[in-house]
Amino acid sequence: MKKTFLFILVACISFAQDAIRLNLDASGAPQRIFHVHLTIPVQPGPMTLLYPEWIPGEHGPTGPVIDMVGLKITANGQTVEWIRDSTNMYAFHITVPSGASSIEVAFDQISPPDTAGFSSGASATTELAVLNWNQFVLYPQGKPANQLTFQANLKVPESWRYGTALPIERESANEIEFQPAPLNTLIDSPVSTGKHYRTIELGRDGNIAHYLHLAGDSDRAIDMSPALIEDYKNLVSETGALFGSRHYRSYHFLYTLSDHVASFGLEHHESSDDRVGERALLDESEIKANADLLPHEFVHSWNGKFRRPAGLIDPDYSQPMKSDLLWVYEGLTQYLGEVLATRIGLYTQQDFRDELAIIGAALDREAGRKWRPLGDTAVAAQLLYNAREDYSGYRRGVDYYDEGTLIWLDADVTIRNLSHGEKSLNDFCRSFEGGPGGKPETKPYTLADVIAGLNAVQPYDWAEFFRTRVTDVEPHAPFGGIENGGWKLVYDSTRSALWRDFEDDRRAANFMYSIGLEVKDDGAIVDVAYGGAAQKAGIAPDSRIMAVNNRQFTTAVLREAIERTAKDADSIDLLVKNGEYYSVHHVEYRGGEKYPHLERDDSKPDLLTKIAEPLIRKM
Ligand SMILES: [Zn+2]
């Protein structure tokens, strides 16, 4: 890959006497199998090797040990028998024979074809691969990850290029020798590699450089427009203005564009693993649908990696994480991601308001608000990331993202109003997430620290503010930020541009606020609103609409039938296939189409527009 970030090599030359040697052969990426060979310094006697279980940023026990195959351990050329722990599936016990000073460990890791899941989902195609080191290591139990040094070597398929934040010692053809690094840095520094590859420099802040590495399933996929590149350059400068310092040596966005790998973003101190569809840089609807992805993952370098809830810090990837503060870790990040997407030009101000309307409406209509407080969605994160879409509003999902946006908007507006415009959440970001910077480090926090940090910016009863919004069961979404920011949520029969983009992106039509269902373009019902008209008429999620008022289903036919209920119709007959049986459901509904928007409230100043304006003035 590029030699452009070799400047970071000077700082930390090898010290690795007792390093664990790791050879990863990724030349089998097109066949989705990777060969791992480790040489681990040991003492004779019993020892336990661990495979990473709790993956940072995924907030759950998601390490794909099920796909580790072919494990073989030797010492001095002799086989060493291993036995898996009977309750911890990630632990392997061995006895090192006398006279051995190291063991050789070999295994293969299969990368699944299934695009569900995060980094343990599909990560390789014939054209590209994203390599997360947690899938390619076993390490001795007993030492924290930052005290285990790894010396990694990587072989990629011939002529593939690559990008990573992991400092490089040297490279030749398709082989890269990395500098020795602690296990936590290794696992925090994934590599993307591919046949169709492009690295774009996004600018420096002092001597800190930023790179955007694009790996796609085709040359067309990585053809990023100059306008879009400009927006991401703005992201670098706007985060500098927001936080005031940076906690990394250089930053690398690993942006993967493929319909055949898992779609998600995963944060790291010095990089992010961001995966979207193959046309995400080309189709306007996909550009909008993914507008907040890179801003969100980038913000995590400050909020999530540098500042982290104490309960989410795991010294060796084997300790269960406590995720009750994810409404700060993910919620504040989600808010800042939306705000930054607007400040840098990926969203318009109208998009920003439409986004707030879309998430506000969805959260406000959830039947699950009557039984489950927001805080419980954070505590149960390790379950809810895998929750299905059926009856999702009744269950509630990982709501601390979107509801976090509303809560932190509320906090921002509260600070601005109480301080008469003198202070804002920007000041909290700078004081809580800033500091000297220049290298990755982690500074844990508790809820009391968050409250103290806010009080230092603007005195207020923040404990009560968060208790009512997080701990209590609240039947309505927190609209204080929108309403005290000069806007209100309304519904009308017109879809916003952003709503249409989301529908195009999901290949679905969302009628949740009229007849109470979301349906794919082929008639498959994604979900029904619990207590909505469709659910009351007996329709179940995961069934299929075959006909609307006796006419074959299309989205347009259903949309027009709903539109007629604004004037002269008071019901719609839907022929639905549920399993192998067909039945007609008489959906009683009046009022036409309904979609959420924000409407200006002239009695209050417009703070929303001010919040989303760039901090750096363009000439
Ligand atoms: Zn996140």
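This is a short tour of a predicted model, going from the whole chain to a few of its parts.

**Whole chain**

Start with everything shown. The chain holds 19 helices and 32 strands. Its radius of gyration is 26 Å, close to the 25 Å that the globule rule gives for 619 residues, so the chain is as compact as a globular protein of that length. Along the principal axes, the C-alpha atoms fill a box of roughly 90 × 65 × 45 Å.

Now colour the residues by burial. Of the 619 residues, 59% are buried, where buried means under 20% relative accessible area. Turn on the surface: about 24,800 Å² is exposed, and carbon and sulfur atoms supply 49% of that area. Among the contacts with a separation of 6 or more, 71% are between residues 24 or more positions apart.

**Strands β3, β6 and β7**

Select residues 45–50, which are strand β3, and residues 91–96, which are strand β7. How many bridges pair β3 with β7? There are six, and the pairing is antiparallel. To see one of them, pick Leu50, whose bridge partner in β7 is Ala91.

Next add residues 82–84, strand β6, which pairs with β7 over three bridges, again in the antiparallel sense. Arg84 stands opposite Phe92 of β7. Follow the chain from β6 to β7: the two strands form a hairpin, with six residues between them.

**A sheet of three strands**

Move on to the open sheet with the order β9-β16-β12, where the pairing is antiparallel. Which strands stand at the edges? They are β9 (128–131) and β12 (161–164); each has a single partner strand, so one side of each is left without a neighbour in the sheet. On average, neighbouring strands of this sheet are turned by 15° against each other, direction ignored.

Zoom in on β12 and on β16, residues 191–194: four bridges join these antiparallel strands. For one bridge, select Thr164 and its partner in β16, Val191.

**Helix α6**

Finish with residues 331–343, helix α6. From the first C-alpha to the last, its 13 residues reach 18 Å, close to the 18 Å expected at 1.5 Å a residue. Look along the helix axis. An α-helix has 3.6 residues a turn, so residues three or four places apart point the same way. Is α6 mostly covered or mostly exposed? The helix is mostly covered, with 13 of its 13 residues buried. Just after α6, select Gly345, which takes a positive phi of about 105°.

How values were computed. Residues numbered from 1 in each chain as written. Predicted model: local features only at pLDDT ≥ 70, side-chain atom pairs only at ≥ 80, totals over all residues. Heavy atoms only, no water. Pairing = 2+ DSSP bridges. Axes fitted to C-alpha atoms, helices over the stretch in contact; angles between N-to-C directions. Expected span 1.5 Å × (residues − 1). Buried < 20%, exposed > 50% of the residue type's maximum accessible area, 1.4 Å probe, protein only. Rg over C-alpha atoms; globule rule 2.2 N^0.38 Å. Contact = heavy atoms within 4.5 Å. Areas by Shrake-Rupley, 256 points an atom, 1.4 Å probe, with all protein chains shown as cover.
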